[in-house]
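Visitor: I should like to be guided through a protein structure, one question at a time.

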Amino acid sequence: MPRHFLCQLAIGVLAVPAFPMAGHAQPATPPGASPACPATPAPLPPAFSAWPNATALTSAPDKPGLAMTQIAPGEAENLALHPTAEVHYVSPPAKPGGAGSFGGMVGVHVTAAGTYRVALGAPAWIDLVANGATLPATGHGHGPDCSGIRKIVDFALQPGDYVLQVAASATPSLTVLVVPQADNMQM
């Protein structure tokens, strides 16, 4: 085969426009974009049923304030945060945030051992602290689309008292819910 024929064939193949093939559906939502949400959101899994009924709670800016700020597992709170410069964390957060960010702390009391899920309604960094040490997360992900649950982080906990630290939030408040993980919960 003549060499110029192969070159023309290669140029012809490269010049074919990249149109979708007939019969192949294109995704309705581009990758990385949020889906369009319905006017009435889908029901949440039972463990997260308290999410839409969050009550107001102001976070603690320091260790003495923790006595007045407790989140009970299963109760959603719309947590008011403080400017980062005003927060004195029990343990330095891995991502403290900078000027213009918000944070705070709340106490969490756990009565039964198990995996607990911490759900947040806005992007922020969270640490769970026990006896001055930050606990490792055992899992993380997002809530169901259009639910308002932006982030979920799992922790393996024993009965006792913990400090939930919120840092690097761009918003001065966010919804928080701590729930025990149900074996049959679908996310």
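The following exchange concerns strands and a pocket.

Guide: This is a predicted model, in which local features need pLDDT of at least 70, side-chain atom pairs count only at pLDDT 80 or more, and totals for chains, interfaces and linings use all residues. Residues are numbered from 1 along each chain as its sequence is written, and side-chain values use heavy atoms, with hydrogens and water left out.

Visitor: How many residues of strand E11 are buried?

Guide: Strands (E, at least two residues) and helices (H or I, at least four) are DSSP runs numbered from the N terminus. Buried means under 20% relative accessible area, exposed over 50%, and partly exposed in between, with a 1.4 Å probe and protein chains only. Strand E11 covers residues 160-169 and is mostly covered. Of its 10 residues, the number buried is 8.

Visitor: Which residue in E11 stands opposite Met 105?

Guide: Two strands pair if DSSP finds at least two bridges between them. Strand E5 (residues 102-110) runs antiparallel to E11, and 8 bridges join them. Opposite Met 105 in E11 stands Gln 165.

Visitor: Which residue in E11 is the bridge partner of Leu 128?

Guide: Strand E7 (residues 125-130) is also joined to E11, by 5 bridges, and the two run antiparallel. The bridge partner of Leu 128 in E11 is Leu 164.

Visitor: Why is Thr 175 called buried?

Guide: Thr 175 is found in strand E12, which spans residues 173-180. Thr 175 counts as buried because its relative accessible area is 18%.
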